[in-house]
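Here are a few notes to read alongside the model. I have kept them short, so feel free to jump between the points.

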Amino acid sequence: MARRLHRAAGTAKPEQIASELEHEILSGALGFGARLQSENELVQRFSVSRNTVRKGLEELSNRGLITTRVGIGSFVTFDGKTIDDAVGWSKALANAGANAQTRTLRLEVIEDGALATQLGIEEMSFIALDRVRSDADNGQPISIERSRLPLSPELEEVPLKGLRQGSLHRTLRAAGLVSHHGEEWADIEMLSTEDAAILGCAAGAPFLRTRRLTRMSDGRPIEFVTSLLNPAHFALHLEF
């Protein structure tokens, strides 16, 4: 059923459309992963041109609330929460309302000379911790994280005893290894056949890849972690 927008003074129609759809998303009327109406349906709903609808959807995308897939439609990707992984992935996801389950793929000591050179350290032994997370409700893959921690006296028992309460964050803090500063890179990676099989996704599917290096106050590296994040759950938001 067509209806006219209630236009506030000085507000353009595309912005009004974006604001009304934003309200539906934030209120939960349009849930995570929900498909928006088609452009034709939105044209009829708001009694505007197709170009106006497209500008409204572009504004909604700029606000980080939807993603548009050509030939398929626009989908809600906003879950209403900010992920702060400074407290550890498991707690961060729990705080954000994600019912995530974690499976450890690997916890062992490896040798990696290339990474040692990259980090500027002599020791080539690392603890390799690989984990996959998925939504416990529907099994949808969330992420793969591959952590590499320089093997040190504080962590030498971790490969044998495992993580403290299943948390790498708690394990590091208990060992006195507290992050002071670091750096992070983000790009896109197409899933390899191996990773696709782990995540239950199609090989070649684009995932957000982040690589994060944390250091202690004296510059000593603590952890280098590469994460592959399902773009249906995550987006990169920068403020400047």
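1. Let's begin with strand 4, bearing in mind that this is a predicted model. Ser-125, Ile-127, Leu-129, Arg-131, Arg-133 and Asp-135 point one way from the strand, Phe-126, Ala-128, Asp-130, Val-132 and Ser-134 point the other way, and all are buried. Put as a count, 11 of the 11 residues in strand 4 (residues 125-135) are buried, and the strand is mostly covered.

2. Which strands pair with strand 4? On one hand there is strand 3 (residues 100-111), which runs antiparallel to strand 4 and is joined to it by 11 bridges. If you want a place to check the register, Gln-101 stands opposite Ser-134 of strand 4. Strand 5 (residues 141-150) is also antiparallel to strand 4, with nine bridges joining the two. Here Leu-129 is a handy marker, as it stands opposite Ser-147 in strand 5.

3. The hairpin of strand 4 and strand 5 deserves a look at its backbone angles. Five residues lie between the strands, and Gly-139 takes a positive phi near 80°.

4. Now for a pair of helices. The axes of helix 2 (residues 39-46) and helix 3 (residues 50-62) come within 9 Å and cross at roughly 105°. An angle from 65 to 115 degrees counts as roughly perpendicular, and helix 2 and helix 3 are therefore roughly perpendicular to each other. In their contact, Glu-39, Asn-40, Leu-42 and Val-43 of helix 2 meet Arg-50, Val-53, Arg-54 and Leu-57 of helix 3. Sorted by class, this contact has four nonpolar, three charged and one polar residue.

5. Staying with helix 3, please look at Ser-61, which is found there. Is Ser-61 buried, exposed or partly exposed? Its relative accessible area is 34%; since buried means under 20% and exposed over 50%, Ser-61 is partly exposed. The C-alpha atoms of Ser-61 and Ala-18 are separated by 8.9 Å, although the two residues are 43 apart along the chain.

6. Finally, the whole protein. How many helices and strands does the protein have? There are eight helices and eight strands. Of the 240 residues, 38% count as buried. Among contacts with a separation of 6 or more, 55% come from residues 24 or more positions apart. The accessible surface comes to about 13900 Å², and carbon and sulfur atoms hold 49% of that area.

Methods:
Residues numbered from 1 in each chain as written. Predicted model: local features only at pLDDT ≥ 70, side-chain atom pairs only at ≥ 80, totals over all residues. Heavy atoms only, no water. Helix = DSSP H or I, 4+ residues; strand = E, 2+ residues; numbered from the N terminus. Buried < 20%, exposed > 50% of the residue type's maximum accessible area, 1.4 Å probe, protein only. Contact = heavy atoms within 4.5 Å. Areas by Shrake-Rupley, 256 points an atom, 1.4 Å probe, with all protein chains shown as cover. Pairing = 2+ DSSP bridges. Axes fitted to C-alpha atoms, helices over the stretch in contact; angles between N-to-C directions. Parallel < 35°, antiparallel > 145°, perpendicular 65-115°, else oblique. Nonpolar A, V, L, I, M, F, W, Y, C, P; charged D, E, K, R; others polar.
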